Amino acid sequence: MRIGLVCPYQWDVPGGVQYHVRDLADTLRGMGHHVEVLTPAEHEESLPARHVTWAGRTVPIPYNGSMASVQFGPVSAARVRRWLREGAFDVVHVHDPAPPSIGLLVCMIATGPIVATFHAATIRSKWLAAWGPVVRPWLERISGRIAVSDFARRVQVEHLGGDAVIIPNGVHVDAFAHGPALPGRARGVDGPTIGFLGRYDEPRKGLPVLLEAMRTVVRHHPGAQLLIAGRGDPDAVHELLGDDLRAHVTLLGTLSEEDKAAFLRSVDVYCAPNLLGESFGIILIEALAAGAPIVASDLDAFASVLEDGAAGVLVRRGDPRELARALVDLLSDPERRAHLSTRGAQVAAGYDWSQIARRILAVYETVVPPGSGAVTAAEYDGPAELRPVPDGETGDAPLRSALRRWVQR
Amino acid sequence: MTPDVWLLLALAAVALVLAAWSLWTVTRLGRLESRVDRAWTALETQLRRRAGLAAELARDHAAAMGEERARRLAAVAREARAPWTRDRELAENALGRELRELPDELPGVPAALRADLEGTWTRIGLARRFYNDAVRDTHALRTRRLPSLLRLHASHPMPRFFDIEDGLHELTGSVGAGRPRS
């Protein structure tokens, strides 16, 4: 199968959607399919040499306290058109096509089966409520919609119309399951450790709750260590710590992918005390794959990854006492930890990219009618005009082609 | 210029905008119609495939599942392969129920056939959702005030939703790797 993947976010900026597209492309190639990727990037030379096409740069627009990236215009449209023509894909798979990005451009220009995945990680619903009706005419062209989580599906159903099937994010289970631990932190050997990963100066990640709980934990387990990985301002954390905790907390800073896996393989318990909605708990699946027993707050996304508590301990969000109790109990019960570790590995296996890619492939095969032609860019001159078009479509063809000629220039 | 000319000009402008909008909407409706057709073809293909596999199972492996069960399965499979009627959903549900109730162990039945049958479940679930999705988009556009007032596509039949039990909660329910949530 010839598959075209469209990533609307800059390739050389770390982000969940970018990783998703990269890993999906690799896995599908491993299964013998031809995969091309179209993506913007800050630096064209940062893209892999083959099978990834540069679509220009996005324009950052400050929105709601963070940056939304926008890419729209005749130059991008021309790049999209060329990519579609040269690719001759059986199916095109766009990611997060609602914002004005190359994903939306592909929906406007491509004719043929389009699959879309809605991640809904960065879009706010206020924005979507106003924008949804505007882009609906083009999102209507999507034959198969995928949402990565219940949450993403609800956003999609409420604001963009239609329904979506749920296929979660994938994880390379093997990369987390096997490998070395952090030096001097081997699990079960070097004193009990609790892991936390995330932007620690964002209160909604729940670090203050975890620190409060740590005070109780160190009373019961004087050797316990909290390892904090991720970005943030170290001084702010030191202020939160106070003298009693300082000896029990280590800041690891930002970790590379390998170090993150080693970190998850090292900790005796992984803790996700998040207070507010996460669309999808990919980090929990990575921790499960690395065999780390998990204590997490009872967010919907976490509860469904942890199978309502069968594959990890769920605690009421924002409650340091309950969190402390769960951590203390788990640290003093090696059998329970071993059990959760085994169960977690089974759960994680279902999220392995090999499984997820197969499910996505089933979607492709469902929307591609047997014996159909390839996806291409809508034609505006030449023999394609002669193809039979449903009545009505002929009417405004001159208008549209005039527009397209203008877009091409 | 007299007020009359202004009025005429305004009317002409409104008519022009309305015409452009109608053309655009008819294009959208035409596109949606072909999407519904494509989605229905995909769904129909999968349904026929399942009925075919079920018939094969009933014919070639009657001994393995017991004569009584095989006769029932053959009957519902025949029903599901009959030309399309309004009762198609019922026939598909009957076939689905019969297939779900098959025992886990069927000696002598090739694993490939069982795997193919299992596979059609997922495919039908996907195809059905994409079809209903296309139907929903069509309904949403056609039942809006202006398109129905202007009777755009009013001569075309309104596509129907296709609802069968497929027991695939994970496609729309839980995020988990397949376990339906209560």
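## Strands, domains and a shared core

In chain A, strand β15 (residues 294–297) is joined to β14(A) by three bridges, and the two strands run parallel. One pairing across them sets Ala272(A) opposite Ala296(A) in β15(A). This comes from a predicted model, so everything below is a reading of computed coordinates.

Strand β14 has another parallel neighbour. Two bridges tie β11 (residues 193–197) of chain A to β14(A), and here Ile194(A) has Val269(A) in β14(A) as its bridge partner. What about the side chains of β14 (residues 269–272) of chain A: which residues point one way and which the other? Val269(A) and Cys271(A) go one way, Tyr270(A) and Ala272(A) go the other, and all are buried. That fits a general pattern: in a regular strand the side chains alternate between the two faces of the sheet.

Chain A has more to show in the way of sheets. An open sheet of seven strands, paired in parallel, follows the order β3-β2-β1-β6-β8-β9-β10 (chain A). Why do β3 (52–54) and β10 (165–166) of chain A have one side without a neighbour in the sheet? They stand at the edges with a single partner strand each, so one side of each is left free of a neighbour there. For β3(A), strand β2 (residues 34–39) of chain A runs parallel to it and is joined to it by three bridges. Val37(A) and Val52(A) are bridge partners in this pairing. In total, the secondary structure of chain A comes to 16 helices and 17 strands.

Stepping back, the domain assignment splits chain A into domain 1 (2–170 + 354–378) and domain 2 (173–351). The centres of domain 1 of chain A and domain 2 of chain A, taken over C-alpha atoms, are 32 Å apart. Where they touch, 13 residues of domain 1 of chain A are in contact with nine residues of domain 2 of chain A. On the side of domain 1 of chain A that touches domain 2 of chain A, α5 (150–160) and α15 (353–367) of chain A supply at least two residues each. Helix α5(A) gives the most to that side, with three residues. By residue type, the side of domain 1 of chain A that touches domain 2 of chain A has seven nonpolar, five polar and one charged.

Helix α15(A) is worth a quick check of its geometry. At 1.5 Å a residue, its 15 residues should span 21 Å, and its end C-alpha atoms are 21 Å apart, which agrees. Its buried residues are Trp353(A), Ile356(A), Ala357(A), Arg359(A), Ile360(A), Val363(A), Tyr364(A), Thr366(A) and Val367(A). Helix α8 (residues 234–241) of chain A is hardly covered, with zero of its eight residues counted as buried. Right after α8(A) comes Gly242(A), whose phi is positive, near 75°.

How much of chain A is tucked away? Of its 409 residues, 47% count as buried. Contacts also reach along the sequence: among those in chain A between residues at least 6 apart, 70% join residues at least 24 apart.

Now for the core. The largest nonpolar core has 148 residues, and Val106(A), Val269(A), Leu284(A), Ile294(A), Val295(A) and Leu327(A) touch the most other members. Helix α1 (residues 3–60) of chain B gives the most to this core, with 12 residues. Domain 1 (2–170 + 354–378) and domain 2 (173–351) of chain A both give residues to this core, so it lies between them. In soluble globular proteins, nonpolar side chains tend to be buried together. Leaving out residues up to four places away in sequence, Ile294(A) touches Tyr270(A), Ala272(A), Leu284(A), Ala287(A), Leu288(A), Leu306(A), Gly312(A) and Val313(A).

Two single residues round off the picture. Leu43(B) lies in helix α1 of chain B. It is buried, because 22 other C-beta atoms lie within 10 Å and 20 or more is the cut-off. Not counting residues up to four places away in sequence, Leu43(B) touches Ala127(B), Arg128(B), Tyr131(B) and Phe162(B). Leu43(B) and Arg123(B) are 80 residues apart in sequence, yet 8.2 Å apart in space, C-alpha to C-alpha. Back in chain A, Pro14(A) sits in the loop between β1 (2–6) and α1 (16–30) of chain A. Is Pro14(A) buried or exposed? With 10 other C-beta atoms within 10 Å, Pro14(A) is exposed.

Conventions: Residues are numbered from 1 along each chain as its sequence is written. Chains are lettered from A and ligands numbered from 1 in the order in which they are written. Domain bounds come from an automatic or database domain assignment. Two residues are in contact if their C-beta atoms, placed from the backbone, lie within 7 Å. Helices (H or I, at least four residues) and strands (E, at least two) are DSSP runs, numbered from the N terminus. Ala, Val, Leu, Ile, Met, Phe, Trp, Tyr, Cys and Pro count as nonpolar, Asp, Glu, Lys and Arg as charged, and the others, Gly among them, as polar. A residue is buried if 20 or more other C-beta atoms lie within 10 Å of its own, exposed if 12 or fewer, and partly exposed in between; C-beta atoms are placed from the backbone. A nonpolar core is a set of buried Ala, Val, Leu, Ile, Met, Phe, Trp, Tyr and Cys residues joined through C-beta atoms within 7 Å. The expected span of a helix is 1.5 Å times one less than its number of residues. Two strands pair if DSSP finds at least two bridges between them.
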